[in-house]
Amino acid sequence: MAPQGVDQEECEGLLQQWREEGSSQVLPAVSEGPLLDKGLAQSSLALLMDNPGEQVAASEDKWPGRQLSDLQAAENVEEPSFEVLGEEPPPEVEGPMWAAVPMQTDPQYADCAVLPVGALAAEQWEEDPTVVAWSMTPEPVPQEEAPLWSFEGLGQLQPPPMEIPYHEILWREWEDLSSQLDTQGLEAGDGPQFQFTLMSYNILAQDLMQQSSELYLHCHPDILSWNYRFANLMQEFQHWDPDILCLQEVQEDHYWEQLEPSLRMMGFTCFYKRRTGCKTDGCAVCYKPTRFRLLCASPVEYFRPGLELLNRDNVGLVLLLQPLLPEGLGQVSVAPLCVANTHVLYNPRRGDIKLAQMAILLAEVDKVARLSDGSHCPIILCGDLNSVPDSPLYNFIRDGELQYHGMPAWKVSGQEDFSHQLYQKKLQAPLWPSTLGITDCCQYVTCHPKRSERRKYSRDFLLRFRFCSVACQRPAGLVLMEGVTDGEPERPAGWAEPVPEEDSSEPEPVGPRAAGAIQHCLHLTSVYTHFLPQHGCPEVTTMPLGLGTTVDYIFFSAESGQSGDRTGRRHQDGTLTLLGRLSLLSEEILWAANGLPNPFCSSDHLCLLASFGMQVTAP
């Protein structure tokens, strides 16, 4: 059997020998002999606790042999042997040394070893923000005597400054496109331009974030609080300082209590449209009255009672703004600007609803932006469209036409691939009923009388129908009551029976309807190319579930032409020119920043920013 222990005399003798000869000579015997027995360990511990002065020597037996020799060499202030390693000893550093200050740490750092002060004298140190349990001595090392980083193969993290500009954190650059106008056949110096900037931003409603908290488990709770996020959002607005601000997912109480007052102090005039139903967020369009004057504002609701295709609560907002020219330009003018902002349904399976919502918005834009001669003023359409680039919905907005008949509903937005499912809802023609009042050209159905003047329904005109033949006919099913319904109206003498005129109005001709196709005539193109050539990867505006994608856009009017982008359109429509844009980021860069939201970007979307120029013309 294994021995149960040793007698008391042997224990006391071995302990006395350890005291007299030193722990360094006894350690081999301790590690190899029966001194590891539990009884000896308990008696030795009790004796050591009775002698505090010997605890330092006793603690040395807890170190492995290599660590013990290193500590003994450090206490003797002996120079380490660099000849064995083939390295040159570092130069001696005079001045104050770094000292390890005991600090309270988390349990996960409880077992971390702290180097002695003597060992630090032979090494060279710089402040590292990752070492949270170290502190400087009262006298810091002068900058000219600060040693270099001596750990080969390891990169040192430099602490960020206390205040870092927002754009330097997110590495976003401004792309100046004005120099590319000449290559597109446009002359930049034809005349003065009215220049302005527009931002589109989904700022993530706090209610929606809390309802889908599983999407933000990678974020620290502190950066998800509304007070923190609101301060960051206002910093972005102040830094980029756009002239027009189009926001999505704007929570109603936050808008009226904080956003609208703060934006008003920044010089904005704001319009807000909350989503219908019981939703708490909506869209907002803000502009600077020093740059624009409001001509009209049209809120757009996509919900239609009794229509299953349009039973969602998404909304849009369309504004018609008149640019204000500075004084001193003489008798010049500039066309009005139509700005549309929307947040389309998210559901990836319901592409039919997305197309119907977009058709309603385009019809409203067509009505607001149409000029007296039948043409359209410059248009900017932006927002969260919940559709990826080159999807059917995206191509419909850019190309102006879409053949949708027989297309799977999930394919419209391209957000997810449901081709593996056995049952797939497919789009059928017509996509929406005629009672919606919108044609396949995304225009409102209107009636124009043949005569230029409309009939005025005065009292005398209505009295002419008092004794018409229709009024004198007895209604079918009328109960016969003596003295009440048994008589017939008598036409006054000389009152000629009027002949009602035929209906002189007819629907506006819209051309033949193409079966299973929709179109529009607004000639829109995207500000962004959706690809980063310097990185060789797609642009990203959001990262749901850690997957980067683009769903936010700024579309603007573009003139058809031979030169230009792949759509055959130039970045100008005679009065609107794209001058620049704020670059987007790649999925890799956003991953390095811990995705979205992060401490610097307080939304799960990136903001979009573009600069435009409007041609100023003489009357």
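Start by selecting strand 14 and strand 17 (residues 552–557) in this predicted model: the two run antiparallel to each other and pair over 3 bridges. To see one of these bridges, show Leu524 and look across to strand 17, where its partner is Ser557.

Now widen the selection to the whole sheet. Strands 14 and 17 belong to an open sheet of 6 strands, with the order 6-7-8-9-17-14 and mixed pairing. Colour its two edges next: strand 6 (292–301) and strand 14 (524–526) each pair on one side only. As you step across the sheet, the twist from one strand to the next averages 20°.

Next, add helix 12, residues 392–399. This helix packs on the sheet and touches both strand 14 and strand 17. Viewed against strand 14, the direction of helix 12 makes an angle of about 125°.

Then leave the sheet and turn to the nonpolar interior. The largest nonpolar core holds 60 residues, and the ones with the most contacts inside it are Phe196, Phe237, Ile244 and Phe612. Select helix 9 (residues 226–240) here, since you will find that it gives this core its largest share, 6 residues.

Centre the view on Phe237 and display what surrounds it. Beyond its neighbours within four places in sequence, Phe237 is in contact with Met199, Tyr201, Ile203, Pro242, Leu245, Leu247, Leu259, Leu263 and Met266.

For the last stop, look for a second core that lies apart from the largest one. This other core has 47 residues, and good ones to pick out are Leu309, Ile379, Phe396 and Ile397, which are among them.

Definitions and conventions: Residues are numbered from 1 along each chain as its sequence is written. This is a predicted model: local features need pLDDT of at least 70, side-chain atom pairs count only at pLDDT 80 or more; totals for chains, interfaces and linings use all residues. Side-chain values use heavy atoms; hydrogens and water are left out. Two strands pair if DSSP finds at least two bridges between them. Helices (H or I, at least four residues) and strands (E, at least two) are DSSP runs, numbered from the N terminus. Axes are lines fitted to C-alpha atoms, for helices over the stretch in contact, and angles run from 0 to 180 degrees between N-to-C directions. Contact means heavy atoms within 4.5 Å. A nonpolar core is a set of buried Ala, Val, Leu, Ile, Met, Phe, Trp, Tyr and Cys residues joined through side-chain atoms within 4.5 Å. Buried means under 20% relative accessible area, exposed over 50%, partly exposed in between (1.4 Å probe, protein chains only).
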